[in-house]
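Me: I would like to learn how to read a structure feature by feature, beginning with the overall fold and ending with individual side chains. Could you take me through it?

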Amino acid sequence: MASTDSTTVAKDGSDLAGLEAGLDALETRQTLRTPFRQTFVQKILPPLLAVALVLAVWQALVSFKIVDDPAKLPAPSAVWDVVRTAWLQGELLGYIWTSVSRGLLGFCLALVIGTPLGLIVARVKFIRAAIGPILSGLQSLPSVAWVPPAVIWLGLNNSMMYAVILLGAVPSIANGLVSGVDQVPPLFLRAGRTLGATGLKGTWHIVLPAALPGYVAGLKQGWAFSWRSLMAAEIIASFPDLGVGLGQLLENGRNASDMAMVFEAILLILVVGIAIDLLIFSPLERWVLRSRGLLVKS
């Protein structure tokens with residue numbers, strides 16, 4: 001009888017140990033690096049195939065004379081020649097830097113303004129009732145609509161560009177943070193108050209960390225609005241002292257009826273937008289999701 005009891009206890013102990021080991025394994029983060037071949041097949045190859053397909057269709061439209069007017073659709077080689085010429089003349093990086101520097105600086109200013117505004121709107125009921133609908137309306141307003149009044153108010157200068165970026169990006173950042181705060185579980189707030197985390201301390205240690213997923217989504221949308229707003233401002237408000245950015249390059253191509261230059265500008269705008277997202281916002285989003293156990297490596 002004693003032997004049976006000891007066997008049962010040993011069996012229960014081994015089952016408990018196995019259960020604990022399984023739970024530890026689930027909680028342990030994967031530290032093994034993903035093989036490059038797997039990364040290439042899953043993440044690098046699909047977009048490359050998509051780009052190759054677009055180029056093949058584009059070349060087919062030109063080669064088979066489906067669109068036989070180069071003034072309407074230039075061949076990919078003609079666009080590449082324009083890009084290569086701009087690179088050899090040392091102008092290509094200047095176009096990109098003029099727009100990227102404006103866009104990033106304007107986005108940082110929008111971040112400084114939109115973050116406290118979003119917190120105030122999310123936490124103060126009266127301000128939310130007064131300003132919340134206005135922020136939602138401003139977010140849906142096309143950014144190009146701000147260019148004419150900004151030119152009249154501020155003139156043709158960089159201040160006008162930044163004003164258009166702010167008016168386009170601040171509502172998105174603020175609304176993203178408001179959405180993130182709304183999704184914070186009330187239990188977190190009660191637990192924070194119990195531990196003495198109230199006021200600014202509670203906002204810093206409880207509300208902001210819990211609202212990060214929604215906040216990061218608002219940041220991504222805010223950058224998209226910043227970039228679109230800047231392109232609209234550069235296209236409409238052209239002035240020699242402002243330099244030639246990507247939007248101005250697009251407008252120059254239209255004025256010259258040079259479709260190769262137009263496609264050059266469109267491709268550069270697209271590449272810069274994708275690069276900023278891949279280099280800054282996608283890693284930030286993955287870090288936030290992984291830190292909360294919402295992103296699991298396969």
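Reply: What follows is a short conversation about this predicted model.

Me: How many helices and strands are there in the protein chain?

Reply: The protein chain has twelve helices and zero strands, and among its contacts between residues at least 6 apart in sequence, 71% join residues at least 24 apart. Buried residues account for 33% of the 298 residues, while the chain exposes about 18,200 Å², of which carbon and sulfur atoms supply 68%.

Me: How should I read the packing of two helices, and at what angle do the axes of helix α4 and helix α5 cross?

Reply: One looks at the approach of the axes and at their crossing angle. The axes of helix α4 (residues 92–123) and helix α5 (residues 125–140) come within 6 Å and cross at roughly 125°, which makes α4 oblique to α5. The residues that make this contact include Leu 117, Ile 120 and Val 121 of α4, together with Ile 127, Ile 131 and Leu 135 of α5.

Me: Which residue forms a salt bridge with Arg 128?

Reply: Side chains of opposite charge can pair when their charged atoms come close. Here the partner of Arg 128 is Asp 182, with the closest N and O atoms 2.5 Å apart; this pair links distant parts of the chain, since Arg 128 belongs to helix α5 and Asp 182 to helix α7 (residues 158–182), 54 residues apart. Arg 128 is partly exposed at a relative accessible area of 30%, and Asp 182 is partly exposed at 43%.

Me: Which residues are joined into one network by salt bridges that share partners?

Reply: Lys 220 meets Asp 277 in a salt bridge of 3.8 Å, N to O; because Lys 220 lies in helix α10 (residues 212–236) and Asp 277 in helix α12 (residues 259–291), the pair ties together parts that are 57 residues apart in sequence. Lys 220 also meets Glu 285, at 3.2 Å, N to O, and this pair ties helix α10 to helix α12 across 65 residues in sequence. Salt bridges that share partners thus join Lys 220, Asp 277 and Glu 285 into one network.

Me: Is Ser 143 buried or exposed?

Reply: The reading rests on relative accessibility, where buried means under 20%. Ser 143, in the loop between α5 and α6, has 13% and therefore counts as buried; leaving aside residues up to four places away in sequence, Ser 143 touches Val 164, Arg 228 and Ser 229.

Key. Residues are numbered from 1 along each chain as its sequence is written. This is a predicted model: local features need pLDDT of at least 70, side-chain atom pairs count only at pLDDT 80 or more; totals for chains, interfaces and linings use all residues. Side-chain values use heavy atoms; hydrogens and water are left out. Helices (H or I, at least four residues) and strands (E, at least two) are DSSP runs, numbered from the N terminus. Buried means under 20% relative accessible area, exposed over 50%, partly exposed in between (1.4 Å probe, protein chains only). Contact means heavy atoms within 4.5 Å. Accessible areas come from the Shrake-Rupley method with a 1.4 Å probe; for residues, only the protein chains shown count as cover. Axes are lines fitted to C-alpha atoms, for helices over the stretch in contact, and angles run from 0 to 180 degrees between N-to-C directions. Angles under 35 degrees count as roughly parallel, over 145 as roughly antiparallel, 65 to 115 as roughly perpendicular and the rest as oblique. A salt bridge is a side-chain nitrogen of Lys or Arg within 4 Å of a carboxyl oxygen of Asp or Glu.
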